[in-house]
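Trainee: I am new to this structure and would be grateful for a close look at its interior. Could you take me through the buried part in one connected account?

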Amino acid sequence: MKVSKKINAWTLAAITLVFMFSFTACNNPNDKAISDNDMINEPVTKPAVENLDSVKTKLTDAEIASVAVVANQIDIKYGKIALDKSKNAEVRKFAETMIKDHEGIIKTAVDLTTKLGVTPDDDNDVTRSLIEGEKVTSNMLNSYSGDRFDKAYIDNEVVYHEAVITVVKDVLVLQSDNAELKSTLQSIVPVLEHHLEMAKSAQTNLNK
């Protein structure tokens with residue numbers, strides 16, 4: 001059974017911006033005149049949704065599969081950075097869950113694309129952009145330590161999952177004509193919602 005309709009450019013732009021967004025510091029993270037405590041409450045930058053209309057990319061099913069897999073691989077990488085840098089038990093538990101669950105989502109996506117006869121194609125602008133966005137966020141995370149890292153990582157994950165849930169529920173599920181694809185997307189939502197609950201709980205505890 002093949003996917004009966006390509007996901008349109010607007011949807012793909014939304015996916016791209018959701019998974020590419022990264023938190024940014026107000027000041028240079030290497031500025032030694034500012035202490036870690038001063039930098040703990042750094043803002044999180046949300047996806048630039050105002051730029052969606054300007055994105056004209058149209059991807060094939062194979063390229064869409066690549067975007068889905070790479071996007072999950074990116075959050076797995078963030079989780080591995082957290083396990084390497086954080087000593088906070090709750091943050092580490094969250095990171096472990098992200099790694100395990102997103103690995104499961106990747107397997108689900110790969111199994112479905114295999115069934116549909118689609119091979120992920122990484123040679124596209126969206127996948128390349130995702131990889132470049134990951135480099136920026138990973139560099140930021142790796143430049144932080146202690147409480148500053150924990151807060152930055154968890155704040156990023158809260159905004160990340162809020163955006164992902166919105167796109168999956170309000171865009172991808174509604175626009176999907178393929179029954180198997182729609183069902184797979186719907187099955188992922190509860191996992192993402194659980195991730196968001198965990199992230200918000202950790203965020204509340206870190207802010208105490």
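Mentor: L130 is a suitable place to begin, because its relative accessible area of 0% makes it a buried residue. The model in which this value was computed is a predicted one. L130 belongs to helix α5. Its C-alpha lies 7.0 Å from that of A71, although 59 residues separate L130 and A71 in sequence.

A second example comes from helix α3, where V69 is found. V69 has a relative accessible area of 12%, and therefore counts as buried, the limit being under 20%. Its contacts include no residue up to four places away, since those are not counted; beyond that range, V69 touches I106 and V110. V69 and D122 are 53 residues apart along the chain, and 9.7 Å separates their C-alpha atoms.

These pairs may be set against the fold as a whole. The protein contains seven helices and zero strands, and its order along the sequence reads α-α-α-α-α-α-α. Of its 208 residues, 46% are buried. Among contacts with a separation of 6 or more, 85% join residues 24 or more positions apart.

The interior is best described through its nonpolar cores. The largest of them has 28 residues, and F94, L141, F149, Y153 and I154 have the most contacts inside it. Two or more residues come to this core from each of α3 (61-85), α4, α5 (125-143), α6 (146-175) and α7. Helix α6 provides the largest share, with eight residues. Apart from this core there is another, of seven residues, including L112, L116, V118 and L181.

F94 deserves a closer look, as one of the residues with the most contacts inside the largest core. With residues up to four places away in sequence left out, F94 touches Y153, I154, E157, H161, H195, M198 and A199. Of these partners, Y153 and I154 are themselves among the residues with the most contacts inside the core, while H195, M198 and A199 are buried residues of α7.

A further residue to examine is H102, in helix α4. H102 is buried because its relative accessible area, 2%, falls under the 20% limit. Not counting residues up to four places away in sequence, H102 touches N72, D75, I76, H161, L192 and H195. Two of these partners, L192 and H195, are listed among the buried residues of α7.

The account thus turns to the packing of α4 with α7. Helix α4 covers residues 89-115 and helix α7 residues 179-206; their axes are 11 Å apart and meet at an angle of about 170°. Angles over 145 degrees count as roughly antiparallel, so α4 is roughly antiparallel to α7. The contact of α4 with α7 comprises 13 nonpolar, seven polar and five charged residues.

Helix α7 itself has 28 residues and spans 41 Å from its first C-alpha to its last, close to the 40 Å expected at 1.5 Å a residue. Its buried residues are L181, T184, L185, I188, V189, L192, H195, L196, M198, A199 and A202. The spacing within such a list can be read with a general rule in mind: an α-helix has 3.6 residues a turn, so residues three or four places apart point the same way. In α7, L181, L185, I188, L192 and H195 are among the buried residues to which a reader may apply that rule.

Definitions and conventions: Residues are numbered from 1 along each chain as its sequence is written. This is a predicted model: local features need pLDDT of at least 70, side-chain atom pairs count only at pLDDT 80 or more; totals for chains, interfaces and linings use all residues. Side-chain values use heavy atoms; hydrogens and water are left out. Axes are lines fitted to C-alpha atoms, for helices over the stretch in contact, and angles run from 0 to 180 degrees between N-to-C directions. Helices (H or I, at least four residues) and strands (E, at least two) are DSSP runs, numbered from the N terminus. Angles under 35 degrees count as roughly parallel, over 145 as roughly antiparallel, 65 to 115 as roughly perpendicular and the rest as oblique. Ala, Val, Leu, Ile, Met, Phe, Trp, Tyr, Cys and Pro count as nonpolar, Asp, Glu, Lys and Arg as charged, and the others, Gly among them, as polar. The expected span of a helix is 1.5 Å times one less than its number of residues. Buried means under 20% relative accessible area, exposed over 50%, partly exposed in between (1.4 Å probe, protein chains only). A nonpolar core is a set of buried Ala, Val, Leu, Ile, Met, Phe, Trp, Tyr and Cys residues joined through side-chain atoms within 4.5 Å. Contact means heavy atoms within 4.5 Å.
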